[in-house]
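This report looks at cysteines, core packing and one helix. Please view the model below before reading on.

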Amino acid sequence: MFSKSKIILSTWKNSNVKDLDYDILVENDDPGAKVFNAPENLEVGEDGFVKFKIENKSFKNIPKKNNVNRIIQTIKSGIKKVETKYLLRIRTDLIIENINFLNYWDNFPKYDEKYKIFKHRIINSSTYSQFAHVMGSNIQLLPFHMSDWLHFGLTEDIKMLYSCSFQDIELSSQYWYKGRIRKQYEPFIDVGWQYPPETYVLYSLVKKCFPDIEYKDSDDYNKENMSFSNKIIANNFINIDDCDFKFSVKKYPMIVDWSPEIYNGFITHLEWQHLYKVYCDKTYKFCDIDFRRLKFYRNVFNIKFFIKHPKGYLKFIVKVLYYNRFFSKNKLRKKFYIGE
């Protein structure tokens, strides 16, 4: 697979790369990172956790750092070494398992030029490209939230996507711990960053190209910036599901086994096609039946599950009926301001 392509490994100075396969090695200085899931200066317990409260809710988290500037640094310096027209950019811990994504490259020729940033759409993974966090009946919209795990496209376009400057390290980690109050639904109120890393990268570019667009932080979602985000995504990306942009990752072996609620917020290829039809080519035809959703309901027909967990089965049926009613495509699309 890609036997004639050069592998450029962009990593940190003094990293152990002895047994790795690459053609060009790029070694970077670490730009640094700060903890984003707890207020700074808290004492870490012997169990590795920190404890704190937000809005009278107690949290016990293992401190994690926001690596947004590390992502930007390694990608930028790696892309500088690319001499080819096309580029496949992936996390260093991913393994690509097929090249089916190439079949999509020329399938979507129509654009609304007002929202076109790149020369050609970038092929992007649906995994963690999101319209929203969907938790039960609650929704937190996520404008400009495109997965940063892997991209394929013109080298100049991917360079442009990652042309942003570093995010201020305090804003990337401690923004919500400095007395700011969220006014809208946020399922992860223990997260201190101004934006998720995925959002920061894309929104930085959008803001540069469209200065009038406002999205000051993750609480600032509304009809206007969500609708604009949908137009940007339709005209600048092609989202491909993990069956055709297939990869494995040792760090998260179950990552592609999406839960029903997470799935409801993902910009799957089906949902991206709907965006394309609404914003780019109203004559485009596709099968608007979500067969993938059926796998989440497989236990409805599982007799062994019923025999082993009869009470759990009844609760499961109630939950399925609720989700099936609430999470219909049309209702979700309306909540995500598609076509408005």
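The disulfide count is zero, taking a disulfide as a pair of cysteine sulfur atoms within 2.5 Å. This is a predicted model: local features need pLDDT of at least 70, side-chain atom pairs count only at pLDDT 80 or more, and totals for chains, interfaces and linings use all residues. Residues are numbered from 1 along each chain as its sequence is written, and side-chain values use heavy atoms, without hydrogens and water.

Two cysteines show why no bond is counted: for each, the closest cysteine sulfur is too far away. Both C209 and C243 are partly exposed (buried is under 20% relative accessible area, exposed over 50%, partly exposed in between; 1.4 Å probe, protein chains only).

| Cysteine | Closest cysteine sulfur | Relative accessible area |
|---|---|---|
| C209 | C164, 12 Å | 36% |
| C243 | C287, 14 Å | 46% |

Now the core. The largest nonpolar core (buried Ala, Val, Leu, Ile, Met, Phe, Trp, Tyr and Cys residues joined through side-chain atoms within 4.5 Å) has 66 residues. I123, F144, L161, L275 and F336 have the most contacts inside it. Helix α3, residues 197–209, gives the most to this core: six residues. Helices here are DSSP runs of H or I, at least four residues, and strands are runs of E, at least two, numbered from the N terminus.

Beyond neighbours within four places in sequence, L161 contacts (heavy atoms within 4.5 Å) F118, I122, H151, V201, L202, L205 and F237.

In α3, 10 of the 13 residues are buried, so the helix is largely enclosed by the rest of the structure. Its cover includes α1 (68–79), α2 (155–161), α4 (223–236) and β11 (237–240).
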